[in-house]
Amino acid sequence: GCMAEGGMGAVYRGWDTVQGRAVAIKVMKPDVVDPQLLARFAREAAAGQGLDHPSIVRVLAAGAGPGGAPYLVMD
């Protein structure tokens with residue numbers, strides 16, 4: 001189920017079957033998708049994938065779901 005929800009998206013608990021660990025999946029709400037928010041979401045994905053620090057949530061993957069809504073998979 002949904003762990004948290006904000007104006008731009010929702011965060012769900014997921015399971016990484018390859019690594020055998022819990023992950024967080026942030027999905028952008030389809031009704032708020034516009035070019036500015038898509039750019040912000042893409043910047044968040046790019047920044048999070050390039051970081052490796054114990055105090056920062058690392059982005060493991062990014063993409064778009066079946067309905068086209070962008071998502072991030074994070075530690």
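## Exercises on a predicted model

The chain carries 7 positive and 7 negative charges, and their mean positions lie 2 Å apart. Keep in mind that this model is predicted.

**Exercise 1.** Work out in what order the helix and strands follow each other along the chain.

*Solution.* Start by counting: the chain has one helix and five strands. Then walk from the N terminus, and you'll read β-β-β-α-β-β.

**Exercise 2.** Decide how the chain's radius of gyration fits the globule rule for 75 residues.

*Solution.* The rule gives 11 Å for 75 residues, and the chain comes out at 12 Å, which is close, so the chain is as compact as a globular protein of that length. For another view, put a box around the C-alpha atoms along the principal axes: you get roughly 35 × 25 × 20 Å.

**Exercise 3.** Find the largest nonpolar core and say which elements supply at least two of its residues.

*Solution.* First, list the members: Met8, Val11, Ala24, Met28, Leu37, Phe41, Ala45, Val59, Leu72 and Met74, 10 residues in all. Next, sort them by element: strand 3 (21–28), helix 1 (35–49) and strand 5 (70–74) each bring at least two. Helix 1 gives the most, with three. In soluble globular proteins, nonpolar side chains tend to be buried together.

**Exercise 4.** Pick Leu72 and find its contacts, skipping neighbours within four places in sequence.

*Solution.* Leu72 touches Ala24, Ile25, Lys26, Phe41, Glu44, Ala45, Val59, Ala61 and Ala62. Now check these against the core: Ala24, Phe41, Ala45 and Val59 are among its members, as is Leu72 itself.

Conventions: Residues numbered from 1 in each chain as written. Predicted model: local features only at pLDDT ≥ 70, side-chain atom pairs only at ≥ 80, totals over all residues. Heavy atoms only, no water. Core = buried A, V, L, I, M, F, W, Y, C linked by side-chain atoms within 4.5 Å. Buried < 20%, exposed > 50% of the residue type's maximum accessible area, 1.4 Å probe, protein only. Helix = DSSP H or I, 4+ residues; strand = E, 2+ residues; numbered from the N terminus. Contact = heavy atoms within 4.5 Å. Rg over C-alpha atoms; globule rule 2.2 N^0.38 Å. Lys, Arg positive; Asp, Glu negative; His and termini not counted. Charge placed at Lys NZ, Arg CZ, Asp CG, Glu CD.
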